[in-house]
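The following note sets out several points on the model shown here, for consideration alongside the coordinates.

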Amino acid sequence: MSAEEVRSTIAGHFGVDVSQVAVGAGSTEVASQLMHAFAGAGDEIIFPWRSFEAYPILTKVAGATPIQVPLTVDLRHDLDAPWPTRSPILPA
């Protein structure tokens with residue numbers, strides 16, 4: 001099955017146009033495609049840390065700045081924790 005066939009099948013299943021479906025060779029490739037499509041120099045990508053080890057690497061490859069959100073003991077985003085940097089889009 002080719003990527004076009006996979007994309008057509010997925011599009012048909014979800015009732016969207018095939019142009020709205022992207023596929024990749026695993027989660028790392030898809031994350032990389034998204035980061036390159038939506039972020040670059042001067043942008044920040046915010047993600048929980050510790051989590052997927054590829055996030056900081058992929059963020060830097062896309063030219064963006066990684067912002068690591070610490071996790072609470074129950075593995076939720078700890079938005080109130082002190083950070084080394086603070087994104088202006090997050091609550092103060």
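Two strands are taken as paired if DSSP finds at least two bridges between them. The model is predicted, and the points below should be read accordingly.

1. Pairing of the strands. Strand 1 (residues 44–49) and strand 2 (residues 65–70) run parallel and are joined by six bridges. Within this pairing, F47 stands opposite Q68 of strand 2, and W49 stands opposite P70 of strand 2.

2. The connection. Between strand 1 and strand 2 the chain passes through helix 3 (residues 54–61), and the resulting β-α-β crossover is right-handed.

3. The two faces of strand 1. In a regular strand the side chains alternate between the two faces of the sheet. Strand 1 shows this alternation: the side chains of I45, F47 and W49 point to one face and are buried, whereas those of E44, I46 and P48 point to the other face and are not buried.

4. The loop before strand 1. A39 lies in the loop between helix 2 (27–38) and strand 1. A39 counts as buried because its relative accessibility is 16%, buried meaning under 20%. Leaving aside residues up to four places away in sequence, A39 touches I45, A62 and A64. A39 and A62 are 23 residues apart in sequence, yet their C-alpha atoms are 6.7 Å apart in space.

5. Helix 1. The twelve residues of helix 1 (residues 3–14) reach 16 Å from the first C-alpha to the last, close to the 16 Å expected at 1.5 Å a residue. Just after helix 1, G15 takes a positive phi of about 70 degrees.

Notes:
Residues are numbered from 1 along each chain as its sequence is written. This is a predicted model: local features need pLDDT of at least 70, side-chain atom pairs count only at pLDDT 80 or more; totals for chains, interfaces and linings use all residues. Side-chain values use heavy atoms; hydrogens and water are left out. Buried means under 20% relative accessible area, exposed over 50%, partly exposed in between (1.4 Å probe, protein chains only). Helices (H or I, at least four residues) and strands (E, at least two) are DSSP runs, numbered from the N terminus. A crossover is right-handed if, with the strands pointing away from the viewer, the path from the first strand over the helix to the second runs clockwise. The expected span of a helix is 1.5 Å times one less than its number of residues. Contact means heavy atoms within 4.5 Å.
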